[in-house]
Amino acid sequence: MNRPLKVGDTVRWRGQWGEAREKLAEVSGIEIRCIGKYGTKVAEAPWDDVKKHGVVSLGNGHWAYGYQIDPIEDN
């Protein structure tokens, strides 16, 4: 996807390390270049960076590694 992930975007999220049923969630924070769960806070980031080494905070009170989320095309 060419469009970057931005705070406020809605994503498809799968909890339990990607094993749970998919749900929609709003991104409330993005961190990239993470070591473990923490990295550099940014307002937006390319999806490739998020997928490889990113962590997002979600509006539902959870957080997710980049591999646990997918874009929704109409954001």
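**Exercise 1.** In this predicted model, find the bridge partner of Val11 in β8.

*Solution.* Start at strand β8, which covers residues 69-71. There, Val11 is bridged to Pro71. Now step back to the strands themselves: β2 and β8 run antiparallel and are joined by three bridges.

**Exercise 2.** Which residue of β3 is the bridge partner of Thr10?

*Solution.* Look across to β3, where Glu26 partners Thr10. The pairing of β2 with β3 is antiparallel and spans four bridges.

**Exercise 3.** Sort the residues of β2 into a covered and an uncovered face.

*Solution.* Take the covered face to begin with: Val11 and Trp13 belong there. Thr10 and Arg12 then make up the uncovered face.

**Exercise 4.** Work out which elements feed the largest nonpolar core, and which of its residues touch the most other members.

*Solution.* This core has 14 residues. At least two of them come from each of β2, β3, α2 and β6, and β3 gives the largest share, with four residues. Leu5, Ile30, Val56, Leu58 and Ile69 touch the most other members. Let's follow Ile69: leaving out residues up to four places away in sequence, its contacts include Leu5, Val11, Trp13 and Val56.

**Exercise 5.** List the elements in order, then judge how compact the protein is.

*Solution.* Count two helices and eight strands. From the N terminus, they read β-β-α-β-β-β-α-β-β-β. The radius of gyration is 11 Å, close to the 11 Å that the globule rule gives for 75 residues, so the protein is as compact as a globular protein of that length. Finally, buried residues account for 36% of the 75.

How values were computed. Residues numbered from 1 in each chain as written. Predicted model: local features only at pLDDT ≥ 70, side-chain atom pairs only at ≥ 80, totals over all residues. Heavy atoms only, no water. Core = buried A, V, L, I, M, F, W, Y, C linked by side-chain atoms within 4.5 Å. Buried < 20%, exposed > 50% of the residue type's maximum accessible area, 1.4 Å probe, protein only. Contact = heavy atoms within 4.5 Å. Pairing = 2+ DSSP bridges. Rg over C-alpha atoms; globule rule 2.2 N^0.38 Å.
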